[in-house]
Amino acid sequence: MALFPGVALVTGASSGIGKEIAISFAREGCSRIAILDRNEEALAETARECLELNPGATVLRERYEAQSEDEVQRAVDAVHGRFGRIDYAVNCAGPLEPSVELPISEFDMVTSINYRGLWLASRAVLGHMVFQDPLLTHDGRPGNRGSVVNIASNLGLVSRPAAPAYCASKAAVVSLTKSDAIDYSAHNIRVNCVCPGLIATPMTKDLPPDDPALSVAPMDRMGTPTEVADAVLFLSSSKATFCQGAALSVDGGYVIN
């Protein structure tokens, strides 16, 4: 049996890490993929690249606003209505200034997107997962009802200067992941998170090569979106059936130095 026979849902799939996760699901043979974001044009490009790798796949695009409870619920319900279940949910959903210099409006924006928006998506998905049967596995071991992988950050595990709102929002994602893992173990649903370090995405394209955030990590380079996607797909798959509440660092060793 294929490693990903179920339905994958990826939020924030229009660019960067979220886009690469969706593409990686297609590359690894997942044939039902839902991609969610606010940028419809970029979502169409993600869908095109998924289908290029897996022409037999069905790729459902849903535009939504991550900060709107109604929009998130509508989009997730549309995915469930189309495919009948959601098996692998990946939530990829700020300003770096000291607290005294950070406007309250920008703090609220970072928190609303990084934490509240992610929680809304996870909440909507879990509401469907609790009612579905466990998925069959690649090797016949007992399967799970579903897997949720939240994208946090290595700055949710350690902090850096001038980033209080960002660090706090990502630490909240790590804590949310652990709490949901406890609560939904009884439902045979796994909840984990991946904590990327500096990854080569549009968000980091202007970072100078001598930035201390690069030299702190022993591997002394940026990671790639594919390297993050690999970790996400492992945690989503039936090769990770005993992984629960994990915060997996994918950061070149940043948090150990």
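The expected span of a helix is 1.5 Å times one less than its number of residues. Keep that rule handy for the first of these exercises, which all use a predicted model.

**Exercise 1. Helix H7**

Work out what span helix H7 (residues 225-236) should have, and compare it with the distance between its end C-alpha atoms.

*Solution.*
- Step 1: H7 has twelve residues, so at 1.5 Å a residue it should span 16 Å.
- Step 2: The end C-alpha atoms of H7 are 16 Å apart, which agrees with the expected span.
- Step 3: Now look at burial along the helix. Pro 225, Val 228, Ala 229, Ala 231, Val 232, Leu 233, Leu 235 and Ser 236 are the buried residues of H7.
- Step 4: Their cover includes helix H1 (16-27) and the strands S4 (88-91), S5 (146-151), S6 (189-196) and S7 (247-250).

**Exercise 2. Ala 34**

Decide whether Ala 34 is buried or exposed, then find which residues it contacts beyond its neighbours within four places in sequence.

*Solution.*
- Step 1: Place the residue: Ala 34 belongs to strand S2 (residues 32-37).
- Step 2: The cut-off for buried is under 20% relative accessible area. Ala 34 has 0% relative accessibility, so it counts as buried.
- Step 3: Outside that sequence window, Ala 34 touches Ala 8, Leu 9, Val 10, Leu 60, Val 79 and Phe 83.
- Step 4: For a distance check, try Ala 47: it is 13 residues from Ala 34 in sequence, and their C-alpha atoms are 9.1 Å apart.

**Exercise 3. The nonpolar cores**

Find which residues of the largest nonpolar core touch the most other members, and which elements each supply at least two residues.

*Solution.*
- Step 1: The largest core has 32 residues, and those touching the most other members are Ile 21, Phe 25, Ile 35, Val 90, Val 194 and Val 232.
- Step 2: At least two residues each come from strand S1 (7-11), H1, S2, helix H2 (40-53), S4, S5 and H7.
- Step 3: A separate core of 24 residues includes Leu 9, Leu 36, Met 129 and Val 191.
- Step 4: Back to Val 194: beyond four places in sequence, its contacts include Val 228, Ala 231, Val 232 and Leu 235, as well as Leu 248 and Val 250.

**Exercise 4. The largest cavity**

State the volume of the largest cavity and classify its lining.

*Solution.*
- Step 1: The volume of the largest cavity is about 120 Å³.
- Step 2: Its lining has 16 residues, with Tyr 88, Leu 135, Asn 144, Ser 236 and Ser 238 the closest to the centre.
- Step 3: By class, five lining residues are nonpolar, eight polar and three charged.

Note on methods:
Residues are numbered from 1 along each chain as its sequence is written. This is a predicted model: local features need pLDDT of at least 70, side-chain atom pairs count only at pLDDT 80 or more; totals for chains, interfaces and linings use all residues. Side-chain values use heavy atoms; hydrogens and water are left out. Helices (H or I, at least four residues) and strands (E, at least two) are DSSP runs, numbered from the N terminus. Buried means under 20% relative accessible area, exposed over 50%, partly exposed in between (1.4 Å probe, protein chains only). Contact means heavy atoms within 4.5 Å. A nonpolar core is a set of buried Ala, Val, Leu, Ile, Met, Phe, Trp, Tyr and Cys residues joined through side-chain atoms within 4.5 Å. On a 1 Å grid over the protein atoms alone, a cavity is a set of points where a 1.4 Å probe fits but cannot get out, and a pocket is an open set with protein on both sides within 12 Å along at least five of seven lines; lining residues have an atom within 4 Å of a point. Grid points are joined across faces, edges and corners, and a volume is the space filled by probe spheres set on the points. Ala, Val, Leu, Ile, Met, Phe, Trp, Tyr, Cys and Pro count as nonpolar, Asp, Glu, Lys and Arg as charged, and the others, Gly among them, as polar.
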